[in-house]
Amino acid sequence: MDAFLRGVKRKSTASPGPRLETCPQDDNEEDSTDVKLAILASLHPGFEPDVLLESLLAHDGSVEAVSASLADTDARPAPVARSGAAAVVGNQTSLRGFATTNSIVKSGITPTKKSKLLSRKGTTLRLYDPDDVAEHTPCSIIHNFLPADMANDLLREMLDESRTFEKITFKIFDNVVASPHTSTFYVETEAEQSIQKNEYYYNGSSLTVCFGPYNANPEDRDLHLWEFVLTAKYFQDVRRITPQLLRVKPLVSEAVNREIQHRIRTKYPDGRKLKYQSPDPWQPNAAFANCYNGPQEHVGYHSDQLTYLGPRAVIGSLSLGVAREFRVRKVIPRDADNNLTDDPDAEGQISIHLPHNSLLVMHSEMQELWKHSIAPAQAIDPHPIAGIRRINVTYRDYKAIFHPKYTPKCKCGIPTVLKVVQKRKENWGRYFWMCHAGNTPEGQSCSFFKWADFDDDGNPIWDVARYRRNRPSLQDTTRQCSVEAQTSPS
Ligand SMILES: O=C(O)CCC(=O)C(=O)O
Ligand SMILES: [Fe+2]
């Protein structure tokens with residue numbers, strides 16, 4: 001992947017500019033763990049990523065606090081931090097014996113009964129059983145999802161493909177930092193390939209990181225905020241969907257739609273879809289594939305970008321090869337005095353075991369309210385076909401109405417990114433559009449900020465007329481994709 005950076009700026013914001021004043025939360029990508037890890041890695045090069053990750057978790061995500069705690073320590077990783085890496089897979093705890101509400105939820109008779117909180121802050125609750133997963137997380141999981149041969153065919157194809165997956169790279173100060181795993185992106189038609197390459201921006205390399213007071217350099221000590229601005233990038237490695245990905249797609253689509261309906265009936269208030277959730281069938285038209293080559297490869301805590309999926313997005317995530325731990329944690333907003341507004345235990349980590357050939361559905365409440373990650377593992381059980389590798393394919397429904405030609409543009413002249421207020425009680429749950437930050441050749445972020453308004457079904461309402469004028473061609477594209485899918489080799 002030809003990921004690149006067109007400029008890295010760091011800027012003192014001792015007197016914060018307008019963007020920061022209007023920014024409704026302090027976590028615009030503040031929570032992008034990979035960026036925090038990259039910053040920490042550049043400051044403390046002697047420490048392993050998993051040590052930095054655990055240290056970050058132990059310090060509530062504060063780069064400053066981790067940096068301070070590591071500053072006096074020898075560059076050897078502390079044993080205590082090492083113990084935080086994911087345990088050998090296969091160690092998951094089933095809660096079947098004592099989770100309380102499964103049968104009620106399964107029957108669908110008493111939807112939305114609040115389940116007993118089993119997570120604990122500072123510990124990891126390990127789940128294996130699909131009923132427990134559905135009960136205690138915003139996900140559902142189907143084990144042995146595909147016929148065994150189909151799963152193996154897809155795995156073999158993706159292992160072959162993954163030889164040329166690349167790490168996403170970006171630069172912090174003078175260091176080039178690479179993502180801790182490799183990935184690529186698949187769409188269905190040549191036209192979409194070109195559109196993805198030329199018109200879409202991704203936040204993965206367009207990150208604004210805010211944290212403050214910073215102790216590594218004495219002269220920085222008095223600054224309240226540092227801003228690291230990385231440029232937005234276009235995905236260059238966009239591939240045409242492969243035969244096996246296409247063959248599996250209708251099965252994923254069918255299962256995810258079934259899971260969505262089940263979730264609505266059994267978990268959501270009054271058995272109705274959530275506000276801003278689309279009532280339309282979920283139609284995957286893009287797949288993002290990840291490869292984790294060995295136990296140390298991972299992805300840090302993040303929420304997936306909603307810009308092109310819209311609010312309340314659903315994602316179907318297929319795991320193949322080595323089993324790994326998928327960790328989720330809820331984000332509890334803080335009030336004006338920085339106090340948590342709910343039981344701190346609700347922030348406790350939950351680990352979902354992802355074996356070969358499992359389909360995890362991240363439901364509508366996931367991206368806005370929770371963060372997820374793939375934890376580094378201390379050890380793995382090699383897979384007979386994949387060896388030490390795990391392949392993950394996330395099928396996604398890119399919504400035509402969220403194409404960047406419709407979304408607001410910032411003063412830099414490029415489409416903005418859709419975010420939600422996640423960590424602050426004030427305006428919690430409100431969506432907003434903001435500048436991708438620094439994606440001009442000069443790398444300077446503009447001050448653009450605009451609240452996002454949606455109808456109850458999650459459609460942006462500011463520009464419907466413009467969308468309708470363009471819609472025929474978009475519908476044609478969609479129709480063309482589904483015809484191709486039906487006539488694909490299987
Ligand atoms: O590998 C996984 O299961 C998760 C990957 C992920 O979170 C992502 O691609 O956004
Ligand atoms: Fe993700």
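**Exercise 1.** How far from an oxygen atom of ligand 1 does a polar side-chain atom of Asp 304 lie?

*Solution.* In this predicted model, the separation is 3.1 Å. A polar side-chain atom of His 302 likewise lies 3.1 Å from an oxygen atom of ligand 1, and for Tyr 292 the value is 2.6 Å. The protein covers 94% of the 300 Å² of accessible area that ligand 1 has on its own. Next, consider the secondary structure: strand 10 (286-293), strand 16 and strand 17 (389-396) each supply at least two residues of the surrounding shell.

**Exercise 2.** Identify the protein donors of the iron ion (ligand 2) and state where the two histidines lie.

*Solution.* First, the donors are His 302 (NE2), Asp 304 (OD) and His 372 (NE2), which lie 2.1 Å from the iron ion. Second, their spacing along the chain is H-x1-D-x67-H. Third, His 302 belongs to strand 11 (residues 299-302) and His 372 to strand 16 (residues 370-374), so the pair ties together parts 70 residues apart in sequence. His 302, Asp 304 and His 372 are also among the residues that surround ligand 1.

**Exercise 3.** Decide whether His 302 and His 372 are buried or partly exposed, taking buried as under 20% relative accessible area.

*Solution.* His 302 has 22% relative accessibility and therefore counts as partly exposed. His 372 has 3%, so this residue counts as buried.

**Exercise 4.** Describe the largest nonpolar core and the surroundings of Leu 360.

*Solution.* The core has 44 residues, and Leu 360 is one of those with the most contacts inside it. Leu 360 touches residues including Cys 139, Phe 326 and Ile 352. Another core, of 34 residues, lies apart from it and includes Trp 282 and Tyr 395.

Notes. Residues numbered from 1 in each chain as written. Chains lettered and ligands numbered in written order. Predicted model: local features only at pLDDT ≥ 70, side-chain atom pairs only at ≥ 80, totals over all residues. Heavy atoms only, no water. Donors = N, O, S within 2.8 Å, 3.2 Å for Na, K, Ca; no water. Helix = DSSP H or I, 4+ residues; strand = E, 2+ residues; numbered from the N terminus. Buried < 20%, exposed > 50% of the residue type's maximum accessible area, 1.4 Å probe, protein only. Core = buried A, V, L, I, M, F, W, Y, C linked by side-chain atoms within 4.5 Å. Contact = heavy atoms within 4.5 Å. Near = heavy atom within 4 Å. Polar contact = N/O pair within 3.5 Å; in protein donor to acceptor, adjacent residues only side chain to side chain. Areas by Shrake-Rupley, 256 points an atom, 1.4 Å probe, with all protein chains shown as cover.
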